[in-house]
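This report looks at two residues, one pocket and the chain as a whole. Please keep the structure in view while reading.

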Amino acid sequence: MTVSTGAIDVLTPLPVLIPLFAAALTLVAGRRPRVQRLITVVALVAVVAVSGALLYLADRDGTSALQVGGWDSPIGISLVVDRLAAMMLVVSSIVLLAVMIYSIGQGIRDGDENQPVSIFLPTYLALTAGICNAFLAGDLFNLYVGFEVLLAASFVLLTLGASADRVRAGVSYVMVSMVSSLIFLVGIALVYGATGTLNLAHIATRLDDIPTGTRTAIFAVLLVAFGIKAAVFPLSTWLPDSYPTAPAPVTAVFAGLLTKVGVYAIIRAHTLLFPDGSLDNVLMVCGLLTMLVGIFGSLAQSDIKRLLSFTLVSHIGYMVFGVALSTQSGLSGAIYYVAHHIIVQTTLFLVVGLIERQAGSSSLRRLGGLAAASPVIAILFLVPALNLGGIPPFSGFIGKVALLQAGSAQGSVLAWILVAGGTVTSLLTLYVVARVWTKAFWRARADAPEGDLADNSPSALIDDSSDIQLADREDVGRIPAFMLIPTAGLVIVGLALTVFAGRIIDISDRAAVDLRDRSVYIDAVRGAEFVGDRLTDRIAGEEAGR
């Protein structure tokens, strides 16, 4: 345990403050798109650097807490940096930077010239601030604020362009998110009524004196709220209809990050506030059904975006499985798998954007011949696809093996059922991505049932004989470098999770140890209070001496 002092005091609020300040600057520079882009990229690079420094300090020195504005908890706002929060910040900031560069390369829009793209960058920065705030929040209300910032920014990004499909998906998304937020508010009210505080460290100590039934009921309410955001079955039906309609960069960042904020909240609540395991069996059943329903849903899809949306839901089940085991190895595997899935899922959705740009469609009924038409896109898809499918030695295989070993070590009947379910899900995931490969990349486009329709799209495959199509639009079949570079960068990051798996798992092991020992988190917050009290006493003594 450490009390936040010196450099880490300065760094802790920056992942939230930098994007908020940059968002204000980009609004001022709304009529100067180049300045907007420069500000955004510099801000996100700074967030990556700060997050990396926080991870280094948290792993070296342990958990630290900052009391914002000098107000001690539980009255003031606590920002807490432990290994879990720092890891989530690093992975998320890398993804946010990569997707932003991709967006700039794409031209931000993938629709017509009337889209209000000047609002995209400040909204994206607000989304970044909300994500970082959720990871650093040391009290339930601040976590709720982070979720609401996400909701507001997400709605704008999801409906950018105001097409009928996007507005319809945006309304559905907002309605579901509002229900989740209302349930979360009910949970906050119950927690405050039972404990008299919203500070997580104080709640953790006071809940021990609450009757078991009341404690379990409060946990159930919070799990429903977080389960909706994490897309845990049966609260996941909204996701496949909401994400695929958005522009490719928006879909990528939503798929990679937003559900993981919900998973993070589940991990934090389960380990810090409700570690008694009263709902572990429920979580295991939900994890199993999330895996199976998600992957079976993907088998029925002919659109790659919807197919990947169902695999996204499916693999949330692995993370819930690791949390529900309530063991150090299970938590460590879940943390590593969260990091892996954020990178790989985001990469795959970015590749789908490249496919749409190259071939004019993401429908498997219209695609074919992409391996010959664009070998680069084929490689960029194949590597993360194999990673998602769990082919050794990729990080997907490492993460799944860690979770399956943790389940077998736990040894309960439900755990063994989940081990079997996880194995089946992994095999079906491999089948799903292989199906995409054979249909979109390997077969001839003439063999696609609707291949001729895609040829008439404004973004058709390069065809030297099609001078009229190329004359209509300069970017037909051309992939900008700033779309390829960040996608390739994320592929490399995904491979780095494999190459440096030992070191990363060591960090996730230490994070799991801290999560299992609640005193680490609690003492960090209380230690910050203690330092504040000592500083106040010293100032008072000096004034009395005068």
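Which backbone oxygen does the side chain of Thr-346 reach? In this predicted model, the side chain of Thr-346 reaches the backbone oxygen of Ile-342, at 2.7 Å.

## Thr-346 and its surroundings

Thr-346 is placed in helix α14, which runs over residues 328–359. The relative accessible area of Thr-346 is 0%, and because the cut-off for a buried residue is under 20%, Thr-346 counts as buried.

When neighbours within four places in sequence are left aside, Thr-346 is in contact with Val-95, Val-99, Ala-252, Gly-256, His-341 and Leu-490. The polar side of this picture is the approach of the Thr-346 side chain to the backbone oxygen of Ile-342, at 2.7 Å.

## Phe-226 and its surroundings

Phe-226 lies in helix α9, made up of residues 212–230. Is Phe-226 buried or exposed? With a relative accessible area of 1%, Phe-226 is buried.

Once residues up to four places away in sequence are not counted, Phe-226 touches Leu-143, Phe-147 and Phe-184, and also Gly-262, Ala-265, Ile-266 and Ala-269. A further spatial relation links Phe-226 with Ile-183: these residues are 43 apart along the chain, while their C-alpha atoms are separated by 9.2 Å.

## The second largest pocket

The second largest pocket holds about 350 Å³ of space, and its lining consists of 14 residues. Those that lie nearest the centre of the pocket are Leu-55, Val-90, Leu-497, Ile-504 and Ile-507.

Which helices each supply at least two residues of this lining? They are α4 (83–106), α14, α21 (481–499) and α22 (501–516), and the largest share, four residues, comes from α4. Helix α14 thus appears both here and as the place of Thr-346. In the character of its residues, the lining divides into 13 nonpolar and one charged, with no polar residue.

## The chain as a whole

The protein chain has 23 helices and two strands. Of its 546 residues, 59% are buried, and both Thr-346 and Phe-226 belong to the buried residues. The chain exposes about 20,600 Å², of which carbon and sulfur atoms supply 65%.

How many of the contacts between residues at least 6 apart in sequence join residues at least 24 apart? The share is 80%, and the pairing of Phe-226 with Leu-143 offers one example of a contact between residues listed apart from close sequence neighbours.

Key
Residues are numbered from 1 along each chain as its sequence is written. This is a predicted model: local features need pLDDT of at least 70, side-chain atom pairs count only at pLDDT 80 or more; totals for chains, interfaces and linings use all residues. Side-chain values use heavy atoms; hydrogens and water are left out. Buried means under 20% relative accessible area, exposed over 50%, partly exposed in between (1.4 Å probe, protein chains only). A polar contact is a pair of N or O atoms within 3.5 Å; within protein, one must be able to donate a hydrogen and the other to accept it, and residues adjacent in sequence count only if both atoms are side-chain atoms. Contact means heavy atoms within 4.5 Å. On a 1 Å grid over the protein atoms alone, a cavity is a set of points where a 1.4 Å probe fits but cannot get out, and a pocket is an open set with protein on both sides within 12 Å along at least five of seven lines; lining residues have an atom within 4 Å of a point. Grid points are joined across faces, edges and corners, and a volume is the space filled by probe spheres set on the points. Ala, Val, Leu, Ile, Met, Phe, Trp, Tyr, Cys and Pro count as nonpolar, Asp, Glu, Lys and Arg as charged, and the others, Gly among them, as polar. Accessible areas come from the Shrake-Rupley method with a 1.4 Å probe; for residues, only the protein chains shown count as cover.
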